[in-house]
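Student: Got a minute to go through this structure with me? I'd like to start with the ligands and then look at how the helices pack.

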Amino acid sequence: MDPFVYSPNPGRVIFGNGTIKKLPEELARLNLSAPLLLSTPQQVNQAEDLKSVLEGKVAGIFTEATMHTPVNVTEKALDYAKKQGADCVVSIGGGSTIGLGKAISIRTGLPHICIPTTYAGSEMTPILGETADGLKKTRTDPKILPGTVIYDVDLTMTLPAAMSATSGVNAIAHAEHSADSSWSIVEALYARNTNPVINLFAVEGTRALASALPEIVENPSSPSARSLALYGAWLCGTCLGSVGMSIHHKLCHTLGGSFNLPHAETHTAVLPHAISYNAPKIPEAMKKLAEALPESNGDAIHGLNVLLTKLKVKRGLKDFGMKEEDIDKAADIAVSNPYWNPREIEREPIRELIRRVWAGEPARADL
Ligand SMILES: NC(=O)C1=CN([C@@H]2O[C@H](COP(=O)(O)OP(=O)(O)OC[C@H]3O[C@@H](n4cnc5c(N)ncnc54)[C@H](O)[C@@H]3O)[C@@H](O)[C@H]2O)C=CC1
Ligand SMILES: O=C(O)/C=C\C(=O)CC(=O)O
């Protein structure tokens with residue numbers, strides 16, 4: 001056994017069906033009585049349902065959560081929270097809404113309860129990415145980690161199949177960077193600060209999502225597949241919250257932040273290529289990943305290609321509006337200030353990786 005440090009994040013997790021009904025109990029347990037509910041404009045109905053669960057006893061509802069957590073939206077929400085006398089925030093939604101909850105909580109000290117409705121995993125991390133003046137900056141602070149997470153499978157039933165697929169692959173990406181003894185399962189399988197417990201989470205989380213997502217794409221109302229996917233998302237989010245990020249996340253943050261590409265879709269297109277870049281340096285992680293992916297035939301890259309084909313996702317960033325002439329600029333940004341990575345960051349293979357992702361080619365083991 002290699003030496004390791006295990007330092008689990010605190011936080012209370014409630015998982016099941018119909019669990020939003022437990023919110024009043026949770027607020028009472030924490031001695032809180034004036035929650036500010038947060039949502040996107042698209043999820044106002046779920047925020048209103050939550051208000052009913054609380055019998056109307058809320059400080060208010062703020063429904064302008066936006067992807068990549070723009071600071072101007074946070075400032076508006078902060079003014080509203082103050083005016084309404086909120087004593088905590090409750091975010092109901094995906095990573096965008098949870099990001100707003102984190103941004104308010106870290107600025108005010110207000111407790112944050114999360115009710116996630118996608119598989120992005122932000123609820124389990126002390127990480128916050130915020131955008132100002134066209135630049136997205138990410139920071140980590142233990143105080144950003146939400147105190148309570150209520151996973152209610154019922155709330156995920158409305159997540160459209162295509163979004164479920166890419167959001168689930170976003171989660172798998174957190175796991176993969178934690179599997180080798182040296183670094184993060186897809187990024188948790190090979191993180192340098194990984195440990196045996198996070199490795200178990202990474203493998204189990206990937207297995208759960210790789211099994212559930214194709215079923216959700218075929219039958220979005222399958223209760224068992226929805227439950228398995230949310231369980232996998234919890235495990236993979238825990239991986240991201242516990243170990244570092246590497247080239248995969250660096251590429252996605254570069255592409256998303258600088259070229260305004262959609263978050264989960266970008267993760268999905270990049271993942272097999274990022275894994276193939278690191279493959280020569282992470283043999284143990286590749287073995288574990290292959291075991292977690294159905295139909296991999298012992299080859300993790302093949303397994304990921306098969307999974308993405310089954311999920312019917314778009315694989316080319318050109319499909320999302322990225323221009324071919326931006327490939328060089330993206331390569332330059334991706335190799336500047338790189339995150340720790342098991343393989344040295346070399347510009348030419350990184351450029352070729354981005355070109356393949358831009359073109360939507362299947363990943364190959366020759367980068
Ligand atoms: N800090 C962290 O640890 C992490 C942060 N993120 C951040 O989260 C954001 C992306 O979050 P995502 O969850 O991918 O997307 P999202 O939160 O932007 O949601 C996408 C869309 O789907 C809608 N939606 C969400 N759940 C739904 C449901 N159950 N039914 C119907 N519609 C639903 C939302 O209202 C929104 O319109 C990015 O800003 C990303 O940077 C993502 C992962 C981890
Ligand atoms: O943007 C953030 O809030 C920070 C981290 C992530 O988005 C993680 C990811 O790339 O999925």
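**Ligands and helix packing**

Student: Which residues are around ligand 2?

Tutor: This is a predicted model. In it, ligand 2 is surrounded by Ile127, Leu128, Gly129, Lys136, Asn170, His174, Leu240, His249, His253, His263 and His267.

Student: What does His253 do there, in terms of distance to an oxygen atom of ligand 2?

Tutor: A polar atom in the His253 side chain sits 2.7 Å from a ligand 2 oxygen. His267 also reaches an oxygen atom of ligand 2, with a side-chain N or O atom at 2.8 Å.

Student: And Gly129? Which part of it faces the oxygen atom of ligand 2?

Tutor: The backbone. A polar backbone atom of Gly129 is 2.9 Å from an oxygen atom of ligand 2.

Student: Switching to ligand 1. How many residues surround it, and which are the closest?

Tutor: There are 22 residues around ligand 1. The closest are Thr40, Ser96, Thr118, Thr125 and Lys136.

Student: How far is the polar side-chain atom of Thr40 from an oxygen atom of ligand 1?

Tutor: 2.6 Å for Thr40. Gln42 also places a polar side-chain atom by an oxygen atom of ligand 1, at 3.2 Å.

Student: What about a nitrogen atom of ligand 1? Which residue has a polar backbone atom 2.9 Å away?

Tutor: Ile127.

Student: OK, helices. At what angle do α5 and α7 pack?

Tutor: About 35 degrees, with the axes 7 Å apart. Helix α5 covers residues 161-175, and α7 covers residues 223-242. Their crossing is left-handed.

Student: Which residues make that contact between α5 and α7?

Tutor: From α5, Ser164, Ala171, Ile172, His174 and Ala175. From α7, Arg226, Ala233, Cys236, Gly237, Cys239 and Leu240.

Student: How do those divide into nonpolar, polar and charged?

Tutor: The α5 contact with α7 has 7 nonpolar, 3 polar and 1 charged. Two names return here from the ligand 2 list: His174 and Leu240.

Student: Now α6 and α11. How far apart are their axes?

Tutor: 9 Å, at an angle of about 25 degrees. Helix α6 is residues 196-218, and α11 is residues 300-311.

Student: Why call α6 roughly parallel to α11?

Tutor: Because angles under 35 degrees count as roughly parallel. The α6 and α11 crossing is left-handed.

Student: Which residues make the contact?

Tutor: Ala210, Leu213, Pro214 and Val217 come from α6. Leu307, Lys310 and Leu311 come from α11. By class, that contact has 6 nonpolar, no polar and 1 charged residues.

Definitions and conventions. Residues are numbered from 1 along each chain as its sequence is written. Chains are lettered from A and ligands numbered from 1 in the order in which they are written. This is a predicted model: local features need pLDDT of at least 70, side-chain atom pairs count only at pLDDT 80 or more; totals for chains, interfaces and linings use all residues. Side-chain values use heavy atoms; hydrogens and water are left out. Axes are lines fitted to C-alpha atoms, for helices over the stretch in contact, and angles run from 0 to 180 degrees between N-to-C directions. Helices (H or I, at least four residues) and strands (E, at least two) are DSSP runs, numbered from the N terminus. A crossing is left-handed if the near helix is turned anticlockwise from the far one by less than a right angle, and right-handed if clockwise. Contact means heavy atoms within 4.5 Å. Ala, Val, Leu, Ile, Met, Phe, Trp, Tyr, Cys and Pro count as nonpolar, Asp, Glu, Lys and Arg as charged, and the others, Gly among them, as polar. A residue is near a molecule or strand if one of its heavy atoms lies within 4 Å of it. A polar contact is a pair of N or O atoms within 3.5 Å; within protein, one must be able to donate a hydrogen and the other to accept it, and residues adjacent in sequence count only if both atoms are side-chain atoms.
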